[in-house]
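Biologist: I would like a close look at one part of this protein, taken slowly and with the reasoning spelled out. Please have the model ready before I say which part I mean.

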Amino acid sequence: MSALRYLTLTTLKNGIQELKKRPARLIAYLLFLGLMVFLIFVGNGNNGAGWEPRPMEELGLIVLAFYGMIFVADVLKGFSSGATFFTMADVNLLFSAPIRPKRILFYGLIRQVGMTLWVGVFIFFEYGLLHNTYGVDLGQLFLLVLGYGFTYFCAEITAMAIYIFVNGNPVRKRWMRIGLYAFVALLVLAVAYPFVQNGFINPLESLSEGAASPLASFFPVLGWAKSFAYMALTRNMGMAFLFLALMVLFIAAMVLLITKMQSDYYEDVLQATEVTYAQKEAAKEGKVQEASLSLTGGKVNRGHTGLRKGWGAGVFYYKHMLENRRAGIFFFDKMSLLFLVIGGIMAFFMRDFGLIGMFSMFTYFQLFTSATGRWLRELDIHYVYLIPERPFSKLIHLCMENICKVAVDATVTMLLIGLIIGASPVEIVAAILARFGFGMVFMAGNILSQRVLGKIASKGLLMFLYFIVMILLCLPGILGGVLLGILVPVSAELQIGIGLLGTLIFNLLLSTLLLFLCRNVLDNIELNKK
């Protein structure tokens, strides 16, 4: 048996045996699988008589945008740190073993396929929405996940090839970056052409027509991935396999290109592996932004030194604000800005969903941006425990920067979405306040998770339990808002605003209660070293 085959089989065997030693992980797997099956079962219900699915071309446009965002964001890594299929354990042990580099590369490629499909499992949780809106069945959803996997895999290997090609050559890097932007611009023009031709009317219908056009369908990688998914959704399996074959050929060409450009690629993937490892470690401490800047050579706005403001526990607010300024992000990190842009685009093309539909969608997105924060890293540093103030006072001051961030995010996001969809001023203000209330619940839920479960980000699949807890914490606010909107006798125009304000009331009460119950989280450093 070859060394790499033995390594693969032993890794799988050890992973299965580890479940016996860690029952919590097995329970998390079972809960994860059970919830996914439950959501699929619930979402597979009958849509009722007279129901008509929305046009499948519209879903094709959404798939193209989703795949495109993943592909471009991943390929851009090739201009800085590169992409990698390996871990630091591979760098320290596998790279030094007497095994040919090409075999190690193919080992990494095969392992990456499994990792990519595993990450794409989250799409199954959207089955209910896709089935009830577009009539997607379970087999078609699986093919959507497969299309996502191929897109992500193509992006990873393209980023690796770009990094090897442009590393140490600024001229190549500049022209390759221009080429990538031109590539994206051409695809956008191909999709937008019917929209312009129709006189800028019916944007969703016109752009869906552009995404389904032959020019966009045969566009390299992104067009192929979208067309594979679209042909699978429309049950044209012959064309679906054609586009799948084109993606397989592209992957094979990239592998050949990598091996021809440089047979010993160890030095090129070493930095990418180190950056990836450091970012994973930094994510556990809420320091992703700073880690990325320092490891990839990004600029940090240092400016003046010293806090110059604050007293006692109040210095932490000014410390966090100074760190925001030096990182150049104010209250918006890259993830928040990305969701803001996505929100504006989706609000423009999905106005029919209304304010409640858009608010629900972006409250769900807000859950993913609230899992880290500057307050989290302070729990690992002893200084906060040495300040001679009450633990509850220190906790409040630690959260002040995040509270300001939640308020700014709620104002900017819901104001933008409300103006685009034409909501009334009362509804926009109510949506801003309601989003702030959910942000406070997510923050308090993070503190509760830290108090009860410790560093949830470092415990693998237990992150799933964290999301379940956060969703359960949202239920009182949702139910309270619905009941208040039904019981308060107001006009139909004000009913939405009353319901949103109802969620604010219940969420503020719940978040205040959680903060009070966790008031002693800063009493003993040992509580946060679990």
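Biologist: Which residues make the nonpolar surface patch of about 790 Å²? Please go on from there to the salt bridges, and say how buried or exposed their partners are.

Modeller: Bearing in mind that this is a predicted model, the nonpolar surface patch of about 790 Å² is made by Leu472, Leu475, Ile478, Leu479, Val482, Leu483, Ile486 and Leu487. One of these, leucine 483, has its place in helix 22, which covers residues 462–487, and leucine 483 counts as exposed because its relative accessibility is 52%, where exposed means over 50%.

Turning to the charged pairs, the count of salt bridges comes to 3. In one of them, aspartate 409 pairs with arginine 435, and the closest N and O atoms are 2.9 Å apart; this pair links distant parts of the chain, since aspartate 409 lies in helix 20 (residues 391–421) and arginine 435 in helix 21 (residues 425–453), 26 residues apart. Aspartate 409 is buried because its relative accessible area is 12%, and arginine 435 is buried as well, with 5%.

Another salt bridge joins the side chains of aspartate 137 and arginine 235 at 2.6 Å, N to O, and it too links distant parts of the chain, with aspartate 137 in the loop between helix 6 (127–134) and helix 7, and arginine 235 in the loop between helix 11 (222–233) and helix 12, 98 residues apart. Here aspartate 137 counts as partly exposed, at 23% relative accessibility, whereas arginine 235 counts as exposed, at 56%.

Glutamate 58 and arginine 54 also meet in a salt bridge, at 2.7 Å, N to O; glutamate 58 is buried, with a relative accessible area of 6%, while arginine 54 is partly exposed, with 29%.

Note on methods
Residues are numbered from 1 along each chain as its sequence is written. This is a predicted model: local features need pLDDT of at least 70, side-chain atom pairs count only at pLDDT 80 or more; totals for chains, interfaces and linings use all residues. Side-chain values use heavy atoms; hydrogens and water are left out. Patches are made of residues with over 30% relative accessible area and no salt bridge: like charges are joined within 9 Å, nonpolar side chains (Val, Leu, Ile, Met, Phe, Trp, Tyr) within 5 Å. Accessible areas come from the Shrake-Rupley method with a 1.4 Å probe; for residues, only the protein chains shown count as cover. A salt bridge is a side-chain nitrogen of Lys or Arg within 4 Å of a carboxyl oxygen of Asp or Glu. Helices (H or I, at least four residues) and strands (E, at least two) are DSSP runs, numbered from the N terminus. Buried means under 20% relative accessible area, exposed over 50%, partly exposed in between (1.4 Å probe, protein chains only).
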